[in-house]
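Please prepare a short briefing on the structure shown here. It should be organised by topic and written for a reader at the bench.

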Amino acid sequence: MHVLSVSSLKGGVGKTTVALGLASAAFARGLRTLVVDLDPQCDASTGLGAFGVSTKNVADVLSSPRHAVVHDSIVASSWGKVQSGHIDVMLGSPKTLNFDHPNPTLRDLWRLEEALSLVEREYDLVLIDTPPSINGLTRTGWVASDRILLVSEPSIFSVVAADRALKAINELRKGLTPRLRALGVVINRVRQGSHEHEYRIGELQNLFQGEYLTILLDEKATIQQAQGAGRPIHTWPGDSAQQVAKIFDDVLDAALVSFQLVDETRTAKKEKRFARFSRVLRGKQIDKDLETGPAQN
Ligand SMILES: Nc1ncnc2c1ncn2[C@@H]1O[C@H](COP(=O)(O)OP(=O)(O)OP(=O)(O)O)[C@@H](O)[C@H]1O
Ligand SMILES: [Mg+2]
């Protein structure tokens with residue numbers, strides 16, 4: 001299992017849209033996918049046709065990350081009715097607001113990691129849709145993640161927010177969870193021919209130069225239409241939807257490649273300076289498999 005958060009410290013820039021687009025790409029490819037809806041607005045749960053159909057939700061999981069609670073908080077997306085595949089949602093709840101402290105405890109920060117380690121063998125990919133802030137919920141999502149994909153619009157405030165997010169990720173990585181990396185940025189709602197957009201895209205490309213992915217997503221009515229119908233973009237008709245789907249395929253490819261990069265967690269975990277904090281739980285099975293060698297039949 002690999003975990004990717006989709007984040008931006010600014011609201012309304014397209015986090016949920018990108019999370020749903022990636023979910024659609026993963027679903028079309030047959031990956032066993034779980035979307036964790038950490039945003040108190042619950043837009044991802046709505047978009048995946050999974051609102052309010054379960055006895056538990058992600059707020060219960062954060063209070064008590066036990067097996068039964070985790071399982072009860074996860075429901076199948078209605079996308080599975082249109083096309084075969086495996087896509088589930090850990091339901092969002094307005095109650096997650098109670099976990100959005102500006103100063104979360106270390107114990108709180110590791111709760112989602114704890115929960116996800118319990119379903120590690122059931123999913124190939126977990127996507128986390130985070131709220132638009134750097135408070136407890138977003139950081140809880142980040143601490144449970146291997147990679148973070150940032151979303152930004154080509155506007156001044158959004159560029160400033162992307163810069164802050166990148167710095168916050170690097171701080172968290174140095175202090176708490178060495179496996180964490182920013183994957184890159186989706187520059188969303190681009191209008192072709194806008195000089196202001198071109199200028200801000202240049203700034204974002206500078207900010208994310210080097211090892212980071214930068215990818216452009218145009219403003220497209222088809223995205224809102226597919227969302228409105230509660231359908232994955234990969235099954236929506238028309239050339240425009242196909243172009244959008246292709247962009248999410250490319251982002252998913254980049255994420256899958258990035259997950260394969262050497263996982264420093266297990267080596268870094270042995271370092272003293274991380275020993276006090278690091279509670280990385282996922283991936284232990286890999287250590288076991290490496291010890292005993294590949295299974296023989
Ligand atoms: N590329 C795009 N083209 C057209 N509409 C878009 C695009 N990206 C996002 N939208 C629309 O913009 C609105 C906001 O997007 P979205 O909900 O994904 O943002 P968000 O960052 O998740 O917001 P919040 O901070 O409230 O969680 C939605 O109505 C969505 O359909
Ligand atoms: Mg959202």
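On α12, the exposed residues Asp239, Lys246 and Val257 lie on the face turned away from the buried side of the helix. A residue is exposed if 12 or fewer other C-beta atoms lie within 10 Å of its own, buried if 20 or more do, and partly exposed in between, with C-beta atoms placed from the backbone. This is a predicted model, in which local features need pLDDT of at least 70 and side-chain atom pairs count only at pLDDT 80 or more, whereas totals for chains, interfaces and linings use all residues. Residues are numbered from 1 along each chain as its sequence is written, and chains are lettered from A and ligands numbered from 1 in the order in which they are written.

**Helix α12**
- Helices (H or I, at least four residues) and strands (E, at least two) are DSSP runs numbered from the N terminus.
- Helix α12 covers residues 239–259, and its 21 residues reach 30 Å from first C-alpha to last, close to the 30 Å expected at 1.5 Å a residue; the expected span is 1.5 Å times one less than the number of residues.
- Its buried residues are Ala241, Val244, Ala245, Phe248, Val251, Leu252, Ala255 and Ser258.
- These buried residues line one face of α12, because they fall within an arc of 135° seen down the helix axis; the arc is that of the directions from the axis to the C-beta atoms.
- An α-helix has 3.6 residues a turn, so residues three or four places apart point the same way.
- The buried residues of α12 pack against β1 (2–7), α1, β6 (147–152), β7, β8 (213–218) and α11.

**Core**
- The largest nonpolar core (buried Ala, Val, Leu, Ile, Met, Phe, Trp, Tyr and Cys residues joined through C-beta atoms within 7 Å) has 75 residues, and Ala19, Leu22 and Val126 are among those with the most contacts inside it.
- Helix α1 gives the most to this core, with 8 residues.
- Beyond its neighbours within four places in sequence, Ala19 is in contact (C-beta atoms, placed from the backbone, within 7 Å) with Val6, Val35, Ala44, Leu127 and Asp129.

**Ligand 1**
- Ligand 1 is surrounded by 20 residues, the closest being Gly11, Lys15, Thr16, Thr17 and Pro132; a residue is near a molecule if its C-beta atom, placed from the backbone, lies within 6 Å of it.
- Two or more residues of this shell come from each of α1 (15–28), β7 (181–190) and α11 (221–228).

**Pro131**
- Pro131 lies in the loop between β5 (125–129) and α8 (136–143).
- Pro131 is buried, with 24 other C-beta atoms within 10 Å.

Conventions: Two residues are in contact if their C-beta atoms, placed from the backbone, lie within 7 Å.
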